Amino acid sequence: MGKAKFKPVDDVKPEEVEKVEEVEEQRDGGEVAEEEEEEKEKSFEELGLDPRLIRALSKKGIEKPTPIQQTAIPYILEGKDVVARAKTGSGKTLAYLLPLLQKLFSDSGRKKKPAPCAFVLVPSRELCQQVYTEVSWLIELCRVQLKAVQLTSSMPVSDMRNALAGLPEILVTTPACIPKCFADGVLDPAAISESLEILVLDEADLLLSYGYEDNLRSVTSIVPRRCQCLLMSATTSSDVEKLKKLILHNPVVLTLQEGSDKEEPVPSNVQQFWISCSAQDKLLHILALLKLEVVQKKVLIFINTIDMGFKLKLFLEKFGIKTAILNGELPQNSRLHILEQFNAGLFDYLIATDDNNQTKEKEEVKGDDNKESKKNKRRFKPKLDAEFGVVRGIDFKKVHTVINYDMPQSVTGYIHRIGRTGRAYSSGSSVSLVSPGEMEGFEEIKSFLAGEEDKDSDIITPFPLLTENAVESLRYRAEDVAKSVTKISIRESRAQDLRNEIINSEKLKSHFEANPRDLDLLKHDKLLSKTAPSPHLRDIPEYLVDAKTQEASKMVKLARAAMGNSRRSGGGGNSKKKRSRKGGDPLKTFNANGSKRGRGGGGVGQKKDGKGSSDGLANKKQKTV
Ligand SMILES: Nc1ncnc2c1ncn2[C@@H]1O[C@H](COP(=O)(O)OP(=O)(O)OP(=O)(O)O)[C@@H](O)[C@H]1O
């Protein structure tokens with residue numbers, strides 16, 4: 001991570017907080033930032049963390065606190081209410097979990113309370129599972145007598161009762177689940193008022209936008225005045241301000257800035273690229289990126305609709321590229337299992353529909369139903385999960401490349417998508433496929449990232465490792481295969497996949513109750529089509545690929561091997577050795593014309609507008625198959 005600068009503002013009213021922040025922002029980065037960074041470079045020991053926690057972190061390969069952890073942990077240990085805003089992937093979860101656990105350590109010998117004394121509220125079930133996993137391994141490795149549980153609205157009441165029977169200290173849940181627990185008599189508001197000591201609102205910028213306002217109000221009405229409240233978020237928004245006023249008392253406001261005083265919402269360790277192509281040519285371009293292996297695995301591909309996800313999967317599998325699909329209509333167990341498998345490195349490509357677009361699709365589906373339901377009763381109708389959230393906050397492990405196959409609908413959507421790579425101290429890259437129809441939104445994203453003063457700076461540069469010639473060599477095959485992926489085949493595959501996953505989901509539930517560590521039972525990147533890919537599509541002959549792209553592909557593979565990723569690797573661990581070799585990333589040093597130039601050079605063979613090579617070969621379409 002680059003230089004980090006924090007602006008702690010203690011015990012002042014919100015208005016004053018803003019004032020101090022403004023003053024801080026006017027300072028010139030230079031010396032002040034350097035000094036502050038030196039000041040901030042602290043170890044976990046220096047932050048006052050319990051040795052058991054430090055040992056547990058070390059076992060997980062976490063040796064050094066991230067900037068947000070360095071700053072937030074001491075304030076939280078002191079008992080202050082804290083608002084912490086730091087970009088995606090900066091380690092906010094441990095920033096609150098570590099001090100939260102440490103505070104509970106000192107209570108662990110005492111008599112159990114009638115209700116959990118720490119609540120962590122998150123906006124989606126996936127996040128619930130993620131935070132629960134994180135807190136569980138910490139408790140296990142610290143060997144302390146603490147119990148954490150997770151509850152979600154979809155759980156049967158009997159399961160909720162069982163979960164709470166052991167009087168857990170920590171409850172991880174969504175805001176919607178708490179009123180449900182009150183209504184079902186599973187949780188008692190009076191007992192919570194008596195027991196609650198720490199309340200965390202994680203991904204606070206999303207809690208209100210997910211429609212949890214009423215739920216949150218019913219929770220806050222029973223939060224005792226003495227309760228310490230923590231609010232973690234990746235962006236600022238009026239929603240965060242609203243929550244801050246609703247729940248916190250004179251909070252310390254921490255805002256992470258990196259590199260300079262200018263706010264950079266995307267981590268600087270993520271290189272952002274783009275490719276200009278027509279909407280029809282997106283299949284061709286993604287095929288070229290994946291088949292010619294010019295992007296590093298693992299790859300997370302975002303699309304805007306579920307149907308597009310299936311189209312892409314069916315298309316890619318004809319070329320022997322296996323992908324898994326993640327979307328809001330899949331059963332919860334399947335979704336969690338897909339995430340676990342992807343994080344464990346069981347497959348390299350995941351196609352995800354992000355939550356932003358569910359509403360759109362929900363509406364589309366509703367519209368379809370109105371018009372067509374009577375006409376077409378057998379038509380497949382998806383039911384989406386309102387608590388689903390793929391993009392926001394989910395910690396996809398070791399994703400090296402994020403591809404925007406479809407451009408996101410908003411700047412924040414872009415930031416959250418890109419934030420799935422380059423997490424904590426790792427590096428990553430993103431490639432956005434931009435069609436003319438998406439150009440306006442893309443320009444908006446670019447100017448937001450560049451900021452007012454820096455309008456002309458190219459933060460998102462043309463992708464340098466793919467020549468137009470290489471792309472064109474695949475055109476004939478791609479267009480031929482794309483024609484075979486019809487709307488009917490997409491719909492059938494989608495319905496079939498859902499049916500399979502519902503069956504799997506039941507199997508998964510019972511299986512994982514008995515074998516929580518067994519990840520191999522069901523593979524989620526299996527083929528949808530009944531026929532195996534034909535060899536002539538699966539293996540692209542070398543003569544089809546131009547020398548420059550071949551070289552680029554070799555370098556990507558070499559870099560991958562140097563980074564320790566040449567074989568599928570597990571999700572955990574943060575080996576220093578691997579990190580130190582990341583300088584070998586060819587995207588930093590190579591472009592498709594063979595010259596070694598850094599990022600931002602636009603790459604020879606790439607026009608400034610993101611289009612492919614202009615070296616004279618560009619227009620020669622090679623219809624070779
Ligand atoms: N000090 C650290 N050193 C190395 N890795 C860390 C450290 N702290 C956290 N991580 C890892 O970094 C990844 C990102 O952390 P986390 O999910 O907490 O980020 P975040 O700030 O909450 O991101 P988002 O806003 O997207 O939710 C996780 O895999 C986590 O285990």
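Which helices do the buried residues of H20 pack against? Let's work up to that one together, and please keep in mind that this is a predicted model.

Helix H20 covers residues 475-484, and its buried residues are Arg 475, Arg 477, Ala 478 and Val 481. Looking down the axis of H20, you find these buried residues within an arc of 160 degrees, so they line one face of the helix. And here is what they pack against: helix H13 (282-291), helix H14 (306-317), helix H19 (468-472) and helix H22 (535-538).

Let's stay with H13 for a moment, and bring in the sheet. Here 7 strands form an open sheet with parallel pairing, in the order S12-S13-S11-S14-S15-S10-S16. At the edges are strand S12 (324-326) and strand S16 (460-462), each pairing on one side only. From one strand to the next, the twist averages 25 degrees.

If you'd like to zoom in, try S10 (residues 270-276) and S15 (residues 428-434), which run parallel and are joined by 7 bridges. You can spot Val 270 standing opposite Gly 428 in S15.

Now back to H13: it lies across several strands, including S10 and S15, and runs at about 155 degrees to S15. Helix H18 (residues 439-450) lies across S10, S15 and S16, at about 125 degrees to S16.

One last stop, helix H7 (residues 157-165). Met 160, Ala 163 and Leu 164 are buried there. Their arc around the axis is only 90 degrees, which puts them on the same side of H7. Asn 162 and Ala 165, on the other side, are exposed. Strand S4 (148-151) and helix H8 (177-183) are among what covers the buried residues of H7. Just after H7, Leu 167 takes a positive phi of about 45 degrees. Thanks, everyone!

Note on methods. Residues are numbered from 1 along each chain as its sequence is written. This is a predicted model: local features need pLDDT of at least 70, side-chain atom pairs count only at pLDDT 80 or more; totals for chains, interfaces and linings use all residues. Side-chain values use heavy atoms; hydrogens and water are left out. Buried means under 20% relative accessible area, exposed over 50%, partly exposed in between (1.4 Å probe, protein chains only). Helices (H or I, at least four residues) and strands (E, at least two) are DSSP runs, numbered from the N terminus. The arc is that of the directions from the helix axis to the C-beta atoms. Contact means heavy atoms within 4.5 Å. Two strands pair if DSSP finds at least two bridges between them. Axes are lines fitted to C-alpha atoms, for helices over the stretch in contact, and angles run from 0 to 180 degrees between N-to-C directions.
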